[in-house]
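Hello,

Here is the structure I promised to pass on. Please open it and keep it beside this note while you read.

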Amino acid sequence: MKVLVPVKRVIDYNVKVRVKPDKTGVDLANVKMSMNPFDEISVEEAVRLKEAGTATEVVIVSIGPQQAQETIRTALAMGGDRGILIKTDETVEPLGVAKLLAKVVEEEKPDLVIVGKQAIDDDSNQTGQMLAALLDWPQGTFAYKLEKDGDALTVTREVDGGLQTVKLALPAVVTVDLRLNEPRYASLPNIMKAKKKPIDEKAPADYGVDIAPRLTVVQVTEPPVRQAGEKVEDVATLVSKLKTAGVV
Amino acid sequence: MAVLVIAEHHHGGLSDATHKVVTAAAKFGGDVDLLVAGENAAAVAPEAAKVSGVRKVLQAEGETLRKQTAEAMEALVVPLMANYDAVFIAATTTGKNIAPRIAAKLDVMQISEITAVIDAETFERPIYAGNAIMTVKSSDAKKVITVRGTSFDAAGNDGSASVETIDAPAGPFKSEFVSEEMVKSDRPELAGAKRVVSGGRALGSAEKFQELMFPLADKLGAAVGASRAAVDAGYAPNDYQVGQTGKIVAPELYIAIGISGAIQHLAGMKDSKVIVAINKDEEAPIFQVSDYGLVADLFVAVPELTNAL
């Protein structure tokens, strides 16, 4: 089984973002970037499938600027076999990403695409579902556990209220949730080895799909700031404050 | 103009989230129709017909729709969209699963988790774990939108819409429901609760989590939430997680107990009306957003608080 894993280069999850004063976006200059945390989980799952003998090849794909190559290298150091970088300096929306990925799927013919459930920058939670729709493949979103079972995949999903298990006919798209696995750290020898693994460089134009943005960003602003609160001495004071505020 | 709202319902009852989505859809403008699909649709339809501002209820029930799988919902909703300018759905796990699939089939960009409707083309939504608010204008002919429930008031129940039955799509589909394992709880549902008490890693164990959090929640009639750390450590089920990747809540009272206040947690609760933090680390970031902060050992303070209420 061949597995395709899309990865996204995003602002590091520990960074407190700053909105630009001109309200055109978030300041990304000189900010630490890394692989979207959900994508690390996708890569880890694909590599585990390979280690278990279920997957034969793990192909990593990223859409973004030249620096997205570093994100692909990280995934290769975790155990990916080869990479594809679709280079663009433009912002590509989830629909555009899904269209490009659908073309990559046509070329690569994977049996399974493992996508992070959302990217922590745009918080869209759309790409995996859109890709499944474009390919007419079944989808297993927010995966908590996945098991290959002949020509099918059994996916346990994190849903409101608990867990739900579905069975998908392969090929399929799975999006991963936080608790699917604990991603490994790439070891130094593997980082060195990853430098020799091939990365194909492409451009969106090579795929002939329209990825022009459908949404115009009118402005990006700071969220309302909360009024500074107070520290209370003890539980009794806390209770009386809450009673005064009318919330207990 | 007309908007289709996909209703969310459980155990034969309409969820509170649906009422909030109807409010958002009404702000978009035009007639609002409500689609009730899946198990018990016929039982839920009369309740849906009473939601204020709804013109018509479409009811669809059948084996393929039983658990509202994305594949079957796509087959049901996409043809209906010939009659609508927009489809609105709650940003719950069900909505997030279905909506992007419908959007891609319609070749439109979905707008996720909107918190405000400016006009029929312009919407606000949080990005970067709620640390920025983006206003976007959509040039797509049809809008596919998921709605953050905590940002809209629930619509009332003085409507009298007509109910129309439509056919469930014929299967089979490439995905099938196997089973589910739901967390049983008598407490209010987290996303819609008026009060939430939430526990973090500092509770130390599942036993302590239950021993300290549940009596306090019961005293307050509150739902119980948890930080990612507490869920990862196995102190609480996944479904309890509040944050960027868990539930978004905005209750009147949120009590954070033993939670440091990481960016990802704040994303899920910082719109609460009153935030209380109990933490022994006075430098914890949670104190920067709390209205009332108590620097104390939670193992002493929480039982004391429970008794004082």
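Six salt bridges cross the interface of chain B and chain A. This is a predicted model, so every value below is computed from it. One of the bridges joins the side chains of A:Arg179 and B:Asp232, with 3.2 Å from N to O. Polar contacts cross the interface too: 50 residue pairs make them, both partners at pLDDT 80 or more. On the side of chain B that touches chain A, 35 residues are nonpolar, 21 are polar and 26 are charged.

How many residues does each chain bring to the contact? Chain A gives 76 residues and chain B gives 82. The size of an interface is often given as the accessible area lost when the parts come together. Between chain B and chain A that buried area is about 6800 Å². Carbon and sulfur atoms give 55% of it.

**Strands across the interface**

The two chains also pair strand to strand. Strand β12 of chain A covers residues 215-221, and strand β10 of chain B covers residues 132-138. They run antiparallel and are joined over six bridges. Look for A:Val220, which stands opposite B:Met134 in β10(B).

**A lysine that reaches chain B**

Next, go to A:Lys99. You will find A:Lys99 in helix α3 of chain A, residues 94-108. Is A:Lys99 buried or exposed? A:Lys99 counts as buried, because its relative accessibility is 15% and the cut-off for buried is under 20%. The side chain of A:Lys99 makes a polar contact with the side chain of B:Asp107, at 2.7 Å. Leaving aside neighbours within four places in sequence, A:Lys99 also touches residues of chain A: A:Leu134, A:Val209, A:Asp210 and A:Arg214.

**An enclosed strand in chain A**

Now turn to strand β6 of chain A, residues 112-116. Why is this strand described as largely enclosed by the rest of the structure? Five of its five residues are buried, so the description follows. In a regular strand the side chains alternate between the two faces of the sheet. Both faces of β6(A) are covered. A:Leu112, A:Ile114 and A:Gly116 are buried on one side. A:Val113 and A:Val115 are buried on the other.

Which strands pair with β6(A)? One is strand β1 of chain A, residues 2-6, parallel to β6(A) over two bridges. There A:Leu4 stands opposite A:Val113. Another is strand β10 of chain A, residues 172-176, also parallel, over five bridges. There A:Val115 stands opposite A:Thr175. Mind the chain letter here: β10(A) pairs with β6(A), while β10 of chain B pairs with β12 of chain A.

**A loop residue in chain B**

B:Ala250 sits in the loop between α6 (228-232) and β16 (253-257) of chain B. B:Ala250 counts as partly exposed, because its relative accessibility is 29% and partly exposed lies between the cut-offs of 20% and 50%. B:Asp271 is 21 residues away along the chain, yet the two C-alpha atoms are separated by 5.1 Å. Not counting residues up to four places away in sequence, B:Ala250 touches B:Thr150, B:Asp271 and B:Ser272.

**Backbone points to check**

Two cis peptide bonds deserve a look.

- The bond from A:Leu170 to A:Pro171 is cis, with omega near 0°. A:Pro171 lies in the loop between β9 (162-169) and β10 of chain A.
- The bond joining B:Gly171 and B:Pro172 is cis, with omega about -5°. B:Pro172 lies in the loop between β12 (162-165) and β13 (175-182) of chain B.

Positive phi angles come next.

- A:Asn30 is not a glycine, but its phi is positive, about 55°. A:Asn30 belongs to the loop between β2 (9-11) and β3 (33-35) of chain A. With a relative accessibility of 85%, A:Asn30 counts as exposed.
- A:Asp123 is not a glycine either, and its phi is about 50°. A:Asp123 belongs to the loop between β6 and α4 (127-135) of chain A. With a relative accessible area of 10%, A:Asp123 is buried.

Best wishes

Note on methods: Residues are numbered from 1 along each chain as its sequence is written. Chains are lettered from A and ligands numbered from 1 in the order in which they are written. This is a predicted model: local features need pLDDT of at least 70, side-chain atom pairs count only at pLDDT 80 or more; totals for chains, interfaces and linings use all residues. Side-chain values use heavy atoms; hydrogens and water are left out. Contact means heavy atoms within 4.5 Å. Buried area is the accessible area (1.4 Å probe) that two parts lose on being put together, summed over both. A salt bridge is a side-chain nitrogen of Lys or Arg within 4 Å of a carboxyl oxygen of Asp or Glu. A polar contact is a pair of N or O atoms within 3.5 Å; within protein, one must be able to donate a hydrogen and the other to accept it, and residues adjacent in sequence count only if both atoms are side-chain atoms. Ala, Val, Leu, Ile, Met, Phe, Trp, Tyr, Cys and Pro count as nonpolar, Asp, Glu, Lys and Arg as charged, and the others, Gly among them, as polar. Two strands pair if DSSP finds at least two bridges between them. Helices (H or I, at least four residues) and strands (E, at least two) are DSSP runs, numbered from the N terminus. Buried means under 20% relative accessible area, exposed over 50%, partly exposed in between (1.4 Å probe, protein chains only).
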